[in-house]
Structures are given as C-alpha cells and as structure tokens.
Amino acid sequence: MRVALFLTCVNDTLYPDTGRAVVRLLNRLGVEVDFPVDQTCCGQAHYNTGYRHGAEPLARHFAEVFEGYEAIVTPSGSCGAMVRELYPRMGERARAEGRGDTLARTLAPVVPRTYELTEFLVDVLGVTDVGASYPHRVTYHPTCHGLRGLGLGDRPRRLLEAVRGLELVELPGAEECCGFGGTFAVKNADVSAAMGADKVRNAESTGAEVLCAADNSCLMHIGGTMSRLRVGMRPVHIAEILASTEEVPAV
C-alpha cells in the first residue's frame, strides 16, 4: 500500500521526530510512505480564526498535492479533523455564497482518504499489535479533535495496551480539554493556562512517567505547563511509542 504522510506545520517545524516515527512504524508494517514536499498548511489556523476565505487556497493546494494517493495519513487529530470535517463545510459555504461547486468538487476526493494515524492502523490496516516495545508507565490524554471531531474512541488505547512492557494508567478527567485550542491559548491565555494546569495535576496524580497523546499541539501546551510546574513527567506522541522496539527503542 502506498500512502502519503501529511506531517502538518507544527510537526514539520517543531516535532520532526514524530514524522520520522510514523515512517518507521508504517514501513515496519509493510506500508510504502511518500512525503510530498510541496505540502503546506491545511488552513486550519486561518479557518479557526475566522479567515475562511483565506483558508480556501490552502485547502485547494492540499487537494492538489495529495491527489492520487490511496490514503493520506497524519499524526494530528486536529489537522485530520480540518480536512474531514471542515473541508466539506468550506465547499458548502462557497456554494451557498453563489460561487458554484468548484471548491466542493476539488476538495471532495481527499476528505474520505485522510486518516489520523491510529484510525489508519486500526481501521485500514486492521492491526492493534504493531510490534512495539516501550517499558514505561504511561497515561493517555484523548485530544478534543480526535475524541469529538474524528471519533477516535478507544483506538489509541487499544494500540497502547498491545505495546510490550507498557503500563497504561487511567488519566482522571481524561476527556477534559487541555486548554490549548490553537489561537484560544493566545486570546484567552489565563483560562488556557488554568486548564493546562488542571490537566497536568491530573496526569501527575497517576504516577506515570509519560503523558501520551495523538496531537503534538496539545502536547506542546501540556509540556510547557509541565516545565513551568516542574513536574517530573514528559509528553510523548503516540507515534513515537508505537515506533519504539526492543532493537530500536525510543529515546
């Protein structure tokens, strides 16, 4: 199977190791991974800030860059939800504004072929045991876009439960937002910081070494809060855990 990796802006700029982990993981499972170098922002930041028309050229570019792939895999619930949930809305709004159905037709092919990493593993490849090894005590935070937007459900947990040596402990208040929310963290900094502190205190109460999530934007916010509160935990993307093996362990 030949798929395209949609890395996202945050990962490309700040967390490239997550992208490398996705490639190692999928290659190990027999999947050929391409990285289209012309990929850019999917338009989520623009759309969520109210610049819907400004997001449209980015969405069109996304559709052009990823045209022809059997699947588009992203290690980001929020960017995955942008394509799956909001691209159709953009097309509908353009039609409602009397601009025809060109945008809707351009975006439609990539919508059903875009998958967040854990749903691609479970739903498309049909695996939960990916041959990973990660001998650490881990707690899992389900991010808002993955939980509510994409409906990932227990897919990430099922993958983590199959990792050799990993002890998975329940996170109190797991389904509560961490407080990031993109520009929400900038516009409502005090509220965002308070929500992040609540999330970190709950994580600390588990005694886990690692807080895991499927979206690095949330982990960036949580990790910054951990640093400020001097908590002895570290945030790790689920891709890096699933890519870890006894022969090539995650750092």
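This is a quick walk through the fold, one enclosed helix and the salt bridges of a single protein chain.

Okay, so first off, keep in mind that what you're looking at is a predicted model. The chain has 13 helices and eight strands. Its radius of gyration comes out at 18 Å, close to the 18 Å the globule rule gives for 251 residues, so we can call it as compact as a globular protein of that length. If you lay the C-alpha trace along its principal axes, you get spans of about 55 × 45 × 30 Å.

Some whole-chain numbers. Of the 251 residues, 50% count as buried. Take the contacts between residues at least 6 apart in sequence: 79% of those join residues at least 24 apart. The chain exposes about 11200 Å², with carbon and sulfur atoms supplying 51% of that. On charges, there are 25 positive and 31 negative side chains, and the centres of those two sets sit 4 Å apart.

Now, the helix I wanted to show you is α7, residues 117–124. Six of its eight residues are buried, so the rest of the structure largely encloses this helix. Which ones are buried? That would be L117, T118, E119, F120, L121 and V122. And yes, there's a glutamate, E119, in that buried set. After α7 comes G126, which has a positive phi, near 70°.

On to the salt bridges. How many does a search of the whole structure find? It finds 14. Let me pick out a few.

In helix α2, residues 16–28, R20 and D17 are three residues apart, which puts about one helical turn between them. Their side chains meet in a salt bridge at 2.6 Å, N to O. Remember, an α-helix has 3.6 residues a turn, so residues three or four places apart point the same way. R20 is partly exposed at 48% relative accessibility, and D17 is partly exposed at 47%.

Helix α11, residues 189–204, has a pair with that spacing: R201 and D198, three residues apart and separated by about one helical turn. Here the salt bridge is 3.6 Å, N to O. R201 has a relative accessible area of 48%, so it counts as partly exposed, and D198 is partly exposed with 43%.

Last one: E97 and R99 form a salt bridge at 2.9 Å, N to O. E97 is partly exposed at 36% relative accessibility, and R99 is partly exposed at 36% too. What else are these two linked with? They belong to a network of salt bridges with R52, E56 and R60.

That's my tour, thanks.

Methods: Residues numbered from 1 in each chain as written. Predicted model: local features only at pLDDT ≥ 70, side-chain atom pairs only at ≥ 80, totals over all residues. Heavy atoms only, no water. Helix = DSSP H or I, 4+ residues; strand = E, 2+ residues; numbered from the N terminus. Rg over C-alpha atoms; globule rule 2.2 N^0.38 Å. Buried < 20%, exposed > 50% of the residue type's maximum accessible area, 1.4 Å probe, protein only. Contact = heavy atoms within 4.5 Å. Areas by Shrake-Rupley, 256 points an atom, 1.4 Å probe, with all protein chains shown as cover. Lys, Arg positive; Asp, Glu negative; His and termini not counted. Charge placed at Lys NZ, Arg CZ, Asp CG, Glu CD. Salt bridge = Lys/Arg side-chain N within 4 Å of Asp/Glu carboxyl O.
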